[in-house]
Amino acid sequence: MPEDSLIPPETMAMVGTSTGRGAPKVVDRNTIGQFATAIGSANPLFRSDAAAKAAGYTGVAAPLSYPIYNVPNGTDRDFDLKLPLTRRVRGGDDCEFIAPIQEGDTLTAETTLTEARHRKGSTGDLIITTFETRYYNQRGELVMIERPTGVWR
Amino acid sequence: MHYFDDCTVGKEFTLGQRGPVTTEMMARWAAGSGDFNPIHYDRTEALRQGLPDVIIAGPMKFAMLLDCLTDWAGSQTAIRKAKTRYQGMDVAGTVFTFQATVTATDPDGQTGAVNLDIRAVNQHGETTTVGEATLVLPRRS
């Protein structure tokens, strides 16, 4: 870590640590429908049992990024990161979709802080944080990995 | 739907369009996602913070992009990886066109893997989200 890093040592010490498994959350049809409505999707996978079953799902399908939307997944708030910059925007998302998720599944998330770094941008100091969240279903199978980037200024 | 055989390096596709994104859609997204940062649904607060209007949450743009990519691929299970970078802001009323360019294909065609550059372009022609995706597509025949 450079001498002049804005990131406090207690925050750097959290890199590589995890909050542990979060609260399990059942994937339900109403929430799937609300997701589809919010994004203006007409995909029948999200509303029709027949369409979802024909595609190999056991209930209506969850949209691919559903876990980000509706599963308690551990964030900077759960980590209570101590940072001298307070305005955060989401810089990006990076997902691996490993197994299908559908109505009736129960998902549990575990999040690790994977990176915190200070950088001088053209508009001033920036701190970049990256988390990795692994989502598991009720059989303990890893179904998705998500790596969101936060940009603090 | 699209097949592996449709994809050659450099080929461009329009994946689909979404919008205009209404404040109602944005409020529904906030409620479902639990992201109650007021810049995503409260115009008074967004303007007070110096923003031009309420801002569409990055993951909401990602969800719309994935929905269009699913329509294009013909299934969700074809999509193995996707990443995005939110390089510009989009406000209420935005109409998105989601586009892709093929950057690599499985050389021997055995796995059907295809890599795409993906992006969201708004009605002003601004590319506000960029990213990459890896899909596995079926072969024709």
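This is a short walk through a two-chain model, from the overall layout to the contact between the chains and then the strands of chain A.

First, the ground rules. The model is predicted: local features need pLDDT of at least 70, side-chain atom pairs count only at pLDDT 80 or more, and totals for chains, interfaces and linings use all residues. Residues are numbered from 1 along each chain as its sequence is written, while chains are lettered from A and ligands numbered from 1 in the order in which they are written.

On confidence, the model scores ipTM 0.95 and pTM 0.95. Chain B averages a pLDDT of 96, with 100% of the residues at 70 or above; pLDDT is the predictor's confidence in each residue, from 0 to 100.

Now the two chains. Chain A has 5 helices and 7 strands. By helix I mean a DSSP run of H or I with at least four residues, and by strand a run of E with at least two, numbered from the N terminus. Starting at the N terminus, the order in chain A is α-β-β-α-α-α-α-β-β-β-β-β. Chain B has 3 helices and 5 strands, in the order β-α-α-α-β-β-β-β.

In extent, the C-alpha atoms of chain A fill a box of roughly 60 × 30 × 20 Å along the principal axes; for chain B the C-alpha trace spans about 55 × 30 × 20 Å. Of the 153 residues in chain A, 35% are buried, and of the 141 residues in chain B, 40% are. Buried means that 20 or more other C-beta atoms lie within 10 Å of the residue's own; 12 or fewer makes it exposed, anything in between partly exposed, and the C-beta atoms are placed from the backbone.

A contact here is a pair of residues whose C-beta atoms, placed from the backbone, lie within 7 Å. Counting contacts with a separation of 6 or more in chain A, 71% are between residues 24 or more positions apart. In chain B, 66% of the contacts between residues at least 6 apart join residues at least 24 apart.

Next, the inside. A nonpolar core is a set of buried Ala, Val, Leu, Ile, Met, Phe, Trp, Tyr and Cys residues joined through C-beta atoms within 7 Å. How many residues does the largest one have? It has 62, and those with the most contacts inside it are B:Met26, B:Leu65, B:Leu66, B:Leu69, B:Ile79 and B:Leu135. Helix H3 of chain B, residues 58-73, gives the largest share of this core, 10 residues. A second, separate core has 6 residues, among them A:Ile7, A:Ala116, A:Phe131 and A:Trp152.

B:Met26 deserves a closer look. Leaving out residues up to four places away in sequence, B:Met26 touches B:Val21, B:His40, B:Tyr41, B:Val54, B:Ile56 and B:Ala92. B:Met26 is also one of the buried residues of H1(B), along with B:Met25, B:Trp29, B:Ala30, B:Gly32 and B:Ser33. Which elements cover them? The cover includes helices H2 (29-39) and H4 (66-70) of chain A, together with H3 of chain B. After H1(B) comes B:Gly34, with a positive phi near 75 degrees.

That brings us to the contact between the chains, which takes 27 residues from each of chain A and chain B. On the chain B side, helix H1 (23-33), H3 and strand E2 (79-86) each supply at least two residues. The largest share of that side, 10 residues, comes from H3(B).

Strands also meet across the two chains. Strand E3 of chain A, residues 88-97, runs antiparallel to E2(B) and is joined to it by 5 bridges; strands pair if DSSP finds at least two bridges between them. One of the partnerships is A:Asp93 with B:Thr84.

Last, the strands of chain A. E4 (106-121) and E5 (124-136) pair antiparallel over 13 bridges, with A:Glu115 opposite A:Thr130 as bridge partners. The two strands form a hairpin with 2 residues between them. E5(A) also pairs antiparallel with E7 (149-152) over 4 bridges, where A:Ile128 has A:Val151 as its partner. Another 4 bridges join E5(A) to E6 (142-146), again antiparallel, and there A:Thr133 is partnered by A:Glu146. The hairpin of E5(A) and E6(A) has 5 residues between the strands, and A:Gly140 in it takes a positive phi near 80 degrees.
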